[in-house]
Amino acid sequence: KMDSKAREPAGGLDEEIDDVEITIRSKDKKTYKISKKAARMSKLIRTTIEGDSSCNEIDLFHIEGDIVAKIVEYLKYHETVRPREIEKPIKTNRMADLVDAFDAKFCDVNQETMFKLLLAANYMDIKPLLLLMCAKVASMLKGKTPPEIRREFNIKDDYTPEEEEEVRNEYKDLLG
C-alpha cells in the first residue's frame, strides 16, 4: 500500500513557495511584504531562500526604505508581466518607446533615485531592473554633446583646453 505522499506528483520548490510571503526589511527598518515568487527575481533573495527554506525575512542593510518600496513595486508588477527586452543599442531617448508603460513610468524619477535604483538592482542582482535603469541612463546620454552631458549629470569639466585637444587628437579615429 502506497502512502499519500508517494502518490502526489513530484513538484518543484517553486510550486510550494509561490503563495508564501516574505518580509523585506530596509536599512531604515521599514518592512515590505512580497510573495516569494516575485522576490525570487532577485538572485540575492533567491540564493538566500534556497540556502534556508525556512527564511521568511530578508534584511537589506544597504538600501533605504523608499528605494526598497520602489523595488517591491517593480517585482510585484513583473511577477505576472515579463519585462520587455530592451533593444541595444537604444534607438531613442523616449523610454515609452523602449519598454512597457509601467516600466517607462517606473524609471521616470529624479537622478538621485535613478542611481539608487540602479545600485540596488545591481546589489540585489535583479537583471531586468538593472537593464531598465541602465537604459534610462543611456536615454539621458543619447544625442548629447559632452558639455550637455556634464550639465545634465553635474560633472565638473577638469580638463584644460590643451588637455582636451590632446585627448581629441589621441582618439580622433574613435571620435569621428
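Guide: One term before we start: two strands count as paired if DSSP finds at least two bridges between them. And keep in mind that this is a predicted model.

Visitor: Okay, so in which sense do strand E1 and E3 pair?
Guide: Strand E1 covers residues 21-25, and three bridges link this strand to E3. One spot to look at is Thr23, which stands opposite Glu57 in E3. With three bridges against a cut-off of at least two, E1 and E3 count as a pair, and the sense of that pairing is parallel.

Visitor: And how do E1 and E2 run?
Guide: These two strands form a hairpin with five residues between them. Arg25 has Thr31 in E2 as its bridge partner. Five bridges join E1 to E2, and the two run antiparallel.

Visitor: What is the order of the strands in the open sheet?
Guide: E1 pairs with E3 in the parallel sense and with E2 in the antiparallel one, and the sheet's pairing is described as mixed. Strand E2 (31-35) and strand E3 (57-59) are the edge strands, each pairing on one side only. From one strand to the next, the twist averages 25°. Put the three strands together and the order is E2-E1-E3.

Visitor: Which helix packs on the sheet?
Guide: Look for a helix touching E1 and E2, with a direction that makes about 15° with that of E2. Residues 65-77 make up that helix, H5.

Visitor: Which residue in the hairpin turn has a positive phi?
Guide: Most residues other than glycine have a negative phi. In the loop between E1 and E2, one residue has a phi of about 65° although it is not a glycine. That residue is Lys29.

Visitor: Where is the cis peptide bond that has omega near -5°?
Guide: Go to the loop between H5 and helix H6 (95-98), where you'll find Pro89. The cis bond leads into that proline, running from Lys88 to Pro89.

Visitor: Why is the pair of Tyr74 and Phe106 said to tie together parts of the sequence, and how many residues apart are they?
Guide: The structure holds four aromatic pairs. In the one made by Tyr74 and Phe106, the ring centres are 5.4 Å apart and the planes are at 50°, so the pair is tilted. Tyr74 sits in helix H5 and Phe106 in helix H7 (residues 101-106), so the pair ties together parts whose separation in sequence is 32 residues.

Visitor: What is the handedness of the crossing of H8 and H9?
Guide: The axes of helix H8 (residues 111-124) and helix H9 (residues 127-141) come within 8 Å and cross at roughly 145°. Residues in the contact include Met114, Phe115 and Leu118 of H8 and Leu130, Met133 and Val137 of H9. By class, the contact has 11 nonpolar, two polar and one charged residues. As for handedness, the crossing is left-handed.

Visitor: Last one: over which residues does pLDDT stay under 50?
Guide: Across the protein, pLDDT averages 88, and 89% of the residues score at least 70. Where pLDDT is low, the predicted coordinates should not be read in detail. That caution goes for a stretch with three contacts beyond four places in sequence, where pLDDT stays under 50: residues 1-15.

Terms used. Residues are numbered from 1 along each chain as its sequence is written. This is a predicted model: local features need pLDDT of at least 70, side-chain atom pairs count only at pLDDT 80 or more; totals for chains, interfaces and linings use all residues. Side-chain values use heavy atoms; hydrogens and water are left out. Helices (H or I, at least four residues) and strands (E, at least two) are DSSP runs, numbered from the N terminus. Axes are lines fitted to C-alpha atoms, for helices over the stretch in contact, and angles run from 0 to 180 degrees between N-to-C directions. Contact means heavy atoms within 4.5 Å. A crossing is left-handed if the near helix is turned anticlockwise from the far one by less than a right angle, and right-handed if clockwise. Ala, Val, Leu, Ile, Met, Phe, Trp, Tyr, Cys and Pro count as nonpolar, Asp, Glu, Lys and Arg as charged, and the others, Gly among them, as polar. pLDDT is the predictor's confidence in each residue, from 0 to 100. Rings of Phe, Tyr and Trp (its six-membered ring) pair if their centres lie within 6.5 Å; planes under 30 degrees apart count as stacked, over 60 as edge-to-face and the rest as tilted.
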